[in-house]
Amino acid sequence: VQPRFGNARVEWNLFRHVLDFLRFSSCKEKQKGLTFNYAPNDSPHSFVYDCVWRNVCKLPSDADARIRVQQGHTVKSAVTHTYLLDGRDDTIVPTEGSMFKNRLELAGLGGNVRFLKALTDIEHHREFQSAALSFGLSAGMLLPLSQQPSLTIDRFSFSSG
């Protein structure tokens, strides 16, 4: 649902996903949840609230012991702020311009997952003769906010909703 309130876009989403991490983390994750997104028009800021029930499952018999201890259910309640400056000529196949995106997520407003995660993406594109040269850089960090170590699935930068 995407109603407009004044000069902002507001979205509510109910979702159900199955994420396949078998190739590089020996697990699948089932997610069910809701997302609330608030994005003022003509502003580089957006805000998201997620409440997600997650189940790490379908572990193969040769899965690493560090993944096996993470098998089961968790509930994540988090708020995310995204700052986006986008000067690219096209968001899908850019040939000119730059993009800067910074995302800060705080989980622990409920549920049993607590962390602070920051992700930054930078892109620059330049048209050169009949081709486009592109440069991209991504960096991130995750800081657990409890005595428990962070879960492997919290380290991935995939969005839930």
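Strand S6 (97-111) and strand S8 (131-144) each contribute at least two residues to a nonpolar patch. The patch covers about 490 Å² of the surface and consists of Val-79, Leu-106, Leu-109, Met-141, Leu-143 and Leu-145. Of these residues, Leu-109 lies in strand S6. The model is predicted.

**Overall architecture**

The chain has three helices and eight strands. Read from the N terminus, their order is β-β-α-β-β-α-β-β-β-β-α. Along the principal axes, the C-alpha atoms occupy a box of roughly 50 × 40 × 25 Å. The chain has 161 residues, and 32% of them count as buried. Among contacts with a separation of 6 or more, 50% join residues that are 24 or more positions apart. The accessible surface is about 10100 Å², with 56% of that area belonging to carbon and sulfur atoms.

**Charges on the surface**

The chain carries 19 positive and 16 negative charges, and the mean positions of the two sets are 10 Å apart. Arg-16, Lys-30, Lys-32 and Lys-58 form a positive surface patch. Arg-16 belongs to strand S2 (residues 8-20). Its relative accessible area is 68%, over the 50% cut-off, so Arg-16 counts as exposed.

**Salt bridges**

Side chains of opposite charge can pair when their charged atoms come close. The structure contains eight salt bridges, including the three tabulated here.

| Residue pair | N to O distance |
|---|---|
| Arg-88 and Asp-86 | 2.8 Å |
| Glu-123 and Arg-88 | 3.0 Å |
| Glu-105 and Arg-103 | 3.3 Å |

Arg-88 takes part in a salt bridge with Asp-86 and in another with Glu-123. The pair of Glu-123 and Arg-88 links distant parts of the chain, 35 residues apart: Glu-123 is in strand S7 (residues 115-128), while Arg-88 is in the loop between strand S5 (72-86) and S6. Arg-88 has a relative accessibility of 17%, under the 20% cut-off, and therefore counts as buried. Its two partners count as partly exposed, Asp-86 at 33% and Glu-123 at 23% relative accessibility.

Which residues are linked with Arg-103 and Glu-105 in a network of salt bridges? The network also includes Lys-76 and Lys-117. Within this network, the side chains of Glu-105 and Arg-103 meet at 3.3 Å, N to O, and both residues are buried.

Terms used: Residues are numbered from 1 along each chain as its sequence is written. This is a predicted model: local features need pLDDT of at least 70, side-chain atom pairs count only at pLDDT 80 or more; totals for chains, interfaces and linings use all residues. Side-chain values use heavy atoms; hydrogens and water are left out. Patches are made of residues with over 30% relative accessible area and no salt bridge: like charges are joined within 9 Å, nonpolar side chains (Val, Leu, Ile, Met, Phe, Trp, Tyr) within 5 Å. Accessible areas come from the Shrake-Rupley method with a 1.4 Å probe; for residues, only the protein chains shown count as cover. A salt bridge is a side-chain nitrogen of Lys or Arg within 4 Å of a carboxyl oxygen of Asp or Glu. Helices (H or I, at least four residues) and strands (E, at least two) are DSSP runs, numbered from the N terminus. Buried means under 20% relative accessible area, exposed over 50%, partly exposed in between (1.4 Å probe, protein chains only). Contact means heavy atoms within 4.5 Å. Lys and Arg count as positive and Asp and Glu as negative; His and the chain ends are not counted. The place of a charge is taken as NZ of Lys, CZ of Arg, CG of Asp or CD of Glu.
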